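User: Could you take a close look at one loop position for me, and then show how it sits within the rest of the fold? A connected walk-through would be lovely.

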Amino acid sequence: MPEKTEKKLPINIDELAFVLHRGPRLEMECFLNLDTGAIVNVPTNRQFLKQVLDVDVDLIREDALMQMLLPKEGRFLHIPDQFSLHLFELQSGFAEEIKRSYPKIYNRLWQLIQHEGIYDDFRQIIKEVQGLNDRFIRFRDALYEKFALEWLEENKIEYSLINNSAHNST
């Protein structure tokens with residue numbers, strides 16, 4: 001665990017929440033620059049990397065590849081992918097939120113959750129009802145933001161939240 005940061009880092013909480021829950025489809029590793037607060041995304045798709053790098057990436061270990069692709073200046077903290085870790089809480093929490101207003105959808109969602117249904121099936125059920133997907137996105141974004149703030153606290157990172165529209169991500 002890193003030592004407590006010396007200054008408050010400007011953090012784009014939306015971006016941090018997204019990369020903390022990026023899921024396996026996005027083939028990238030993410031790092032927080034502990035000097036600037038910027039989030040650095042490093043592609044991990046070896047086929048793509050073969051095309052853009054002048055190196056046989058199949059011969060390079062994952063950790064060495066990350067060191068090669070990260071900027072040389074700065075201290076970096078790996079941002080894990082917590083999608084699977086929080087998936088049940090996301091799905092069950094949203095199902096509970098709509099239990100009264102959409103009991104039939106709630107029952108279908110719970111049946112899917114209990115049978116380890118995939119996230120895409122869960123989302124498809126939600127999209128069947130007009131406006132429910134927007135409600136889910138608001139719920140998801142608020143929950144992921146909460147988890148991002150917890151992650152910053154767990155890693156003893158002092159932060160100030162920045163205006164997302166004024167921030168250019170790295």
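Analyst: Let's begin with Asn12, which counts as buried because its relative accessibility is 8%, below the 20% cut-off for that class. Keep in mind that this is a predicted model. Asn12 sits in the loop that links strand E1 (9–11) to helix H1 (13–20).

What does the side chain of Asn12 reach? One partner is the backbone nitrogen of Asp14, at 3.2 Å. Another is the backbone nitrogen of Glu15, which lies 3.0 Å from a polar atom of the Asn12 side chain. Asp14 and Glu15 both fall within the range of H1, residues 13–20.

From this loop we can move on to the nonpolar core. The largest one holds 41 residues, and the members that touch the most others are Leu16, Leu32, Ile79, Phe94, Leu109 and Trp151. Both elements that flank Asn12, E1 and H1, are among those giving two or more residues to this core. The other such contributors are strand E2 (28–33), strand E4 (76–79), helix H4 (83–97), helix H5 (103–114), helix H6 (119–127) and helix H7 (132–154). Of these elements, H7 supplies the largest share, with 9 residues.

Helix H5 gives us a second residue to visit, Leu112. Leu112 is buried too, since its relative accessible area is 16% and the class covers values under 20%. Its C-alpha atom is 16 Å from that of Glu97, a residue 15 positions away along the chain.

Now for the wider setting. The protein has 7 helices and 5 strands, and along the sequence they follow the pattern β-α-β-β-α-α-β-α-α-α-α-β. Asn12 belongs to the step from E1 to H1, which opens that pattern as β-α. Among contacts between residues at least 6 apart in sequence, 64% join residues at least 24 apart. The C-alpha trace spans about 55 × 40 × 30 Å along its principal axes.

Finally, a look at the surface and the charges. Of the 170 residues, 41% count as buried, Asn12 and Leu112 being two residues in that class. The protein exposes about 10,400 Å², with carbon and sulfur atoms supplying 50% of that area. As for charge, there are 21 positive and 28 negative side chains, and the centres of the two sets lie 6 Å apart.

Conventions
Residues are numbered from 1 along each chain as its sequence is written. This is a predicted model: local features need pLDDT of at least 70, side-chain atom pairs count only at pLDDT 80 or more; totals for chains, interfaces and linings use all residues. Side-chain values use heavy atoms; hydrogens and water are left out. Helices (H or I, at least four residues) and strands (E, at least two) are DSSP runs, numbered from the N terminus. Buried means under 20% relative accessible area, exposed over 50%, partly exposed in between (1.4 Å probe, protein chains only). Contact means heavy atoms within 4.5 Å. Accessible areas come from the Shrake-Rupley method with a 1.4 Å probe; for residues, only the protein chains shown count as cover. Lys and Arg count as positive and Asp and Glu as negative; His and the chain ends are not counted. The place of a charge is taken as NZ of Lys, CZ of Arg, CG of Asp or CD of Glu. A polar contact is a pair of N or O atoms within 3.5 Å; within protein, one must be able to donate a hydrogen and the other to accept it, and residues adjacent in sequence count only if both atoms are side-chain atoms. A nonpolar core is a set of buried Ala, Val, Leu, Ile, Met, Phe, Trp, Tyr and Cys residues joined through side-chain atoms within 4.5 Å.
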